[in-house]
Amino acid sequence: MTAERASPQTIAIAGAGLIGLSCAFELTERGHDVTLFDPNPAETSTGWAAAGMIAPAYELMLQAGPVDTAFAAFCFESAKLWSGFAQSIKRHTGIPVALSNAPTLALARHADEQTHLHALADVLDELGHRSRRISATTLQNQYGLSPAVESGLQLPDDTHVDNRRVISALRWFFVGQGKVVSAAVETRSKMEELAGQRFDAVIWARGTAETGSEAQVKGQAISLSPVQGQPSTVLRFGARYIVPKADRTIIGATSEPDFANKGVDPAVADMLHEEAARVLPQLAQANRLEHWAGFRPLGTAERPLIGRKAAGEFIATAHYRNGVLLAPATAKLIADQVEGLTYESAYDAFAPAPGSGATA
Ligand SMILES: Cc1cc2nc3c(=O)[nH]c(=O)nc-3n(C[C@H](O)[C@H](O)[C@H](O)COP(=O)(O)OP(=O)(O)OC[C@H]3O[C@@H](n4cnc5c(N)ncnc54)[C@H](O)[C@@H]3O)c2cc1C
């Protein structure tokens with residue numbers, strides 16, 4: 001890795017989750033010396049709980065309120081960056097992260113969902129993005145979907161990656177270089193004391209524990225053993241999805257803003273499995289492999305919080321449902337700002353208010 005643009009800096013990142021690791025990778029590629037701090041194994045992070053969808057188009061339908069154009073532009077930009085990001089990870093770690101280019105299928109099971117899909121197609125058209133209607137007959141004959149599915153919309157911008165491979169590859173890369181300190185950190189001085197060095201810049205990326213992540217939204221998901229002949233594309237219907245990976249099929253997810261505990265509920269696993277099998281009947285016989293809960297970091301107006309919060313202090317959090325999708329663009333935006341480069345002013349929309357945040 002070589003420095004191309006700015007003189008090398010020493011940088012500390014609090015949080016070696018998906019976002020902290022992605023920022024670390026981008027900065028290391030640009031020639032900076034990065035140290036990550038995290039007390040926990042990767043398996044406990046929200047990124048590990050994710051389904052790996054890169055879904056700028058379907059996300060437009062799930063966002064509350066009118067279309068947030070700055071956010072939508074950021075999502076589509078990040079989706080485009082994924083190909084280069086995945087190649088770069090493979091080049092530097094030797095680990096392929098299984099980025100798929102199969103377009104997602106958004107499905108309608110009843111009239112209400114058909115209306116939503118039509119509205120999504122119109123919004124995508126207005127924003128200059130593609131979609132293609134798919135008939136029920138094609139969905140049944142070509143994809144093996146049940147007659148309960150009335151129509152579909154193919155979304156060529158929406159794909160998926162194996163998020164666990166991304167996290168494992170990046171953690172392995174930084175641990176191998178002795179660049180991960182296993183400790184919880186709350187202050188810059190603590191990081192400097194632990195590392196025995198001063199840092200030019202500090203990035204706060206502790207997910208739900210970060211200042212600016214205002215709430216946590218619990219999500220339960222399950223995985224099933226893959227079934228021969230099932231479609232290799234992501235299927236989305238309402239708030240649910242079926243995401244095929246090489247070694248598992250992920251079925252998700254609940255969205256629980258108010259939850260009594262952090263555990264999993266067996267009735268939810270049954271509900272997710274049954275709902276998925278009503279769309280793709282072959283899944284009814286699939287063995288259940290895992291059932292887990294993750295906690296999405298939610299910020300204001302469902303927007304991420306990314307940017308400079310004080311001299312030499314940056315923040316990257318509140319990625320809510322879209323940490324996987326937004327990892328490459330977040331890393332680029334943070335790295336540009338750390339280097340003092342100009343960046344797309346539309347992304348001021350995600351910047352922390354001056355003086356905000358208590359992290360010292
Ligand atoms: C069920 C589910 C499905 C999802 N599916 C998708 C999807 O398909 N596509 C998508 O784009 N997004 C998805 N998401 C959202 C995505 O997982 C999150 O947006 C993303 O993981 C946030 O990344 P992060 O790095 O900010 O947080 P995390 O991944 O949680 O990482 C934060 C890290 O900070 C560390 N940390 C905490 N406290 C400290 C401390 N004091 N000091 C140092 N380190 C600390 C933690 O140990 C952790 O490793 C999903 C989420 C859930 C729950």
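Which residue of β13 stands opposite Val243? In this predicted model, where local features need pLDDT of at least 70 and side-chain atom pairs count only at pLDDT 80 or more, totals for chains, interfaces and linings use all residues. Residues are numbered from 1 along each chain as its sequence is written.

The residue opposite Val243 is Ile250 in β13, strands and helices being DSSP runs (E, at least two residues; H or I, at least four) numbered from the N terminus. Two strands pair if DSSP finds at least two bridges between them, and β12 has the following antiparallel neighbours.

| Strand paired with β12 | Bridges | Residues in the hairpin connection |
|---|---|---|
| β11 (residues 235-237) | three bridges | two residues |
| β13 (residues 249-252) | four bridges | four residues |

Within the β11 pairing, Leu235 stands opposite Ile242, and Gly238 in the turn has a positive phi of about 55°. Five of the five residues of β12 (residues 240-244) are buried, so the strand is largely enclosed by the rest of the structure; a residue counts as buried if 20 or more other C-beta atoms, placed from the backbone, lie within 10 Å of its own. Arg240, Ile242 and Pro244 lie on one side of the strand, with Tyr241 and Val243 on the other.

Helix α7 (residues 163-176) reaches 20 Å from its first C-alpha to its last, close to the 20 Å expected at 1.5 Å times one less than its number of residues. Of its 14 residues, 10 are buried, among them Arg165, Leu170 and Phe174. The buried residues of α7 pack against elements including α1 (18-29), α4 (69-93) and α10 (323-338), contact requiring C-beta atoms, placed from the backbone, within 7 Å. Just after the helix, Gly178 takes a positive phi of about 65°.

Notes: Buried ≥ 20, exposed ≤ 12 C-beta atoms within 10 Å, placed from the backbone. Contact = placed C-beta atoms within 7 Å.
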